[in-house]
Amino acid sequence: MTPINGADPHGDRNGDRQRDEKPDTLSPDALVDLAAARREAGVDEVLAKLDAELVGLAPVKTRIAEIAALLLVDRMRARFGLRAPQPNLHMCFTGNPGTGKTTVALRMAELLHRLGYLRKGHLVSVTRDDLVGEYIGHTAPKTKEVIKRAMGGVLFIDEAYYLYKAENERDYGSEAIEILLQVMENNRDDLVVIFAGYADRMNQFFSANPGMQSRVAHHITFPDYTVEELEQIAVLMTEQLGYTLSAGGREALRAYLRRRIEQPWFANARSVRNAVERARLRHARRLVANTDTLVGLQSLTTIEAEDLLASRVFDDDRVAESR
Ligand SMILES: Nc1ncnc2c1ncn2[C@@H]1O[C@H](COP(=O)(O)OP(=O)(O)OP(=O)(O)O)[C@@H](O)[C@H]1O
Ligand SMILES: [Mg+2]
């Protein structure tokens, strides 16, 4: 027997089927416990994890919490026999490289599974080449195969605008778009499609494909991180890898980020991850090169200023100094 709040965190069924299996409808004067339902579905756990592991992104987190609330309330309403069609949860994530789009899509899939919206909650991440064939007749089977793999989970289409080439009307991308449009309409209780890419190009894509625009209910913007947020992200990443930054290391990190953010190919948290990896390399090289070969936990885990200051990011300063 399902508890009164109807939460089924480990269920491998989607909302509709779950609703059909509900034993009996509650009387209109009954009360359901929303907090207990949240707990049992593990919603708080996912949201807390999201908050702890992802720095910043306040608007994104708010929207995810809203979606979670909607699905939870929907479930409670179903307990009273109120039947509404599954809400439309197709989404579009726009933001610059390294702002967390892929990471959040993964969490979203997990959350939608816990809330009984998705049967499996896995994520299938694709780009144009996975969907569109090079020859006539290749695109439909390719796209359908990907959709089949994604059923019960999230289909994440990165840089979705490459699907559509305005200058080439015989491009096979439009065939993939047609198939996606149908599936997004007809299978939305079993598949969530998330498009991702840069804001301006996504806007062009939607203007050229109004059918797509109308099927995407949630447009979520991922802002660039501030230097302070990038610093927190770096600290989080070093901790996750089992390192700490010395006081000098922390200062060097800040100086590094202030410079890096202004340079070409800056990719937000992705650049931070790369910087942390390189600092780790220099740290190792420093220890191994040291004449004192006896090392303890402290030196094995501490990233010092020099591990960051050796970066090319500081090259201009060094040139200026040597002049
Ligand atoms: N807010 C954050 N807090 C902590 N780590 C983050 C945050 N955002 C992103 N990251 C980390 O940065 C890396 C890049 O993130 P992710 O791949 O999700 O970005 P993206 O927006 O999908 O980038 P791209 O557009 O290049 O595909 C990942 O290792 C991720 O864990
Ligand atoms: Mg990505």
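Around ligand 1 sit 18 residues, and G100, K101, T102, T103 and A269 come nearest of these; a residue is taken as near a molecule if its C-beta atom, placed from the backbone, lies within 6 Å of it. Three elements each give two or more residues to this shell, namely α5 (101–114), α11 (227–240) and α13 (268–289). Helices here are DSSP runs of H or I with at least four residues, strands are E runs of at least two, and the numbering starts from the N terminus. This is a predicted model, in which local features need pLDDT of at least 70 and side-chain atom pairs count only at pLDDT 80 or more, whereas totals for chains, interfaces and linings use all residues. Residues are numbered from 1 along each chain as its sequence is written, while chains are lettered from A and ligands numbered from 1 in the order in which they are written.

As for chemical class, the shell around ligand 1 has eight nonpolar, seven polar and three charged residues. Ala, Val, Leu, Ile, Met, Phe, Trp, Tyr, Cys and Pro count as nonpolar, Asp, Glu, Lys and Arg as charged, and the rest, including Gly, as polar. Both domain 1 (15–222) and domain 2 (227–322) chip in, with at least three shell residues from each.

Those two domains are what the domain assignment of the chain gives, with bounds that come from an automatic or database assignment. Their C-alpha centres lie 37 Å apart. Where they meet, seven residues of domain 1 are in contact with nine residues of domain 2, contact being C-beta atoms, placed from the backbone, within 7 Å of each other. On the domain 1 side, the touching residues split into two nonpolar, five polar and no charged.

Turning to the backbone, L57 has a positive phi near 55° despite not being a glycine. L57 belongs to the loop between α3 (43–53) and α4 (58–79), and counts as buried because 22 C-beta neighbours fall inside 10 Å. The cut-offs are 20 or more other C-beta atoms within 10 Å for buried, 12 or fewer for exposed, and anything in between for partly exposed, with C-beta atoms placed from the backbone. W265, also not a glycine, shows a positive phi of about 60°. W265 lies in the loop between α12 (247–260) and α13, and with just 8 C-beta neighbours inside 10 Å it counts as exposed.

Finally, S214 is part of helix α10 (residues 210–215) and is partly exposed, with 13 other C-beta atoms within 10 Å. The C-alpha atoms of S214 and L297 are 56 Å apart, with these positions 83 residues apart along the chain.

Terms used: Contact = placed C-beta atoms within 7 Å.
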